[in-house]
Amino acid sequence: MQRMRTYRPIRSDISKYRCVICKDAKAYRSKGTLKRHVSTLHFPDVIYRCPIEGCSEETWRRDNYHAHHNRK
Ligand SMILES: [Zn+2]
Ligand SMILES: [Zn+2]
């Protein structure tokens, strides 16, 4: 006796990535897209980057950005 199995993978919402901060209905199809959304909207990596050559100071705080050259 042989049982025939028709196996159909069920597509679930597990492939959708949702922003946990927005908590709105928007879901992203790929992890990369969601990551970009989060990093640009919620956690901007670097807002202020020091324009002085050789200085690698990067900060998202404006006061830090101005202060770091004062402490010599
Ligand atoms: Zn979001
Ligand atoms: Zn600097």
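**View 1. The whole chain runs β-β-α-β-β-α along its sequence.** Here are two helices and four strands, taken as DSSP runs of H or I with at least four residues for helices and of E with at least two for strands, numbered from the N terminus. This is a predicted model, in which local features need pLDDT of at least 70 and side-chain atom pairs count only at pLDDT 80 or more, while totals for chains, interfaces and linings use all residues. Residues are numbered from 1 along each chain as its sequence is written, and chains are lettered from A and ligands numbered from 1 in the order in which they are written.

**View 2. Confidence varies between the elements.** The pLDDT (the predictor's confidence in each residue, from 0 to 100) averages 73 over the chain, and 61% of the residues score at least 70. Strand E1 (residues 17-18) has the highest mean of the elements, 85, and helix H2 (residues 62-67) the lowest, 70. Where pLDDT is low, the predicted coordinates should not be read in detail.

**View 3. Helix H1 covers residues 31-42.** From first C-alpha to last, its 12 residues reach 16 Å, close to the 16 Å expected (1.5 Å times one less than the number of residues). Buried residues in H1 number zero, where buried means 20 or more other C-beta atoms within 10 Å of the residue's own, exposed 12 or fewer, and partly exposed in between, with C-beta atoms placed from the backbone.

**View 4. Cys22 sits in the loop between E1 and strand E2 (27-28).** Cys22 is exposed because 12 other C-beta atoms lie within 10 Å. Val38 is 16 residues away from Cys22 in sequence and 9.2 Å away in space, C-alpha to C-alpha.
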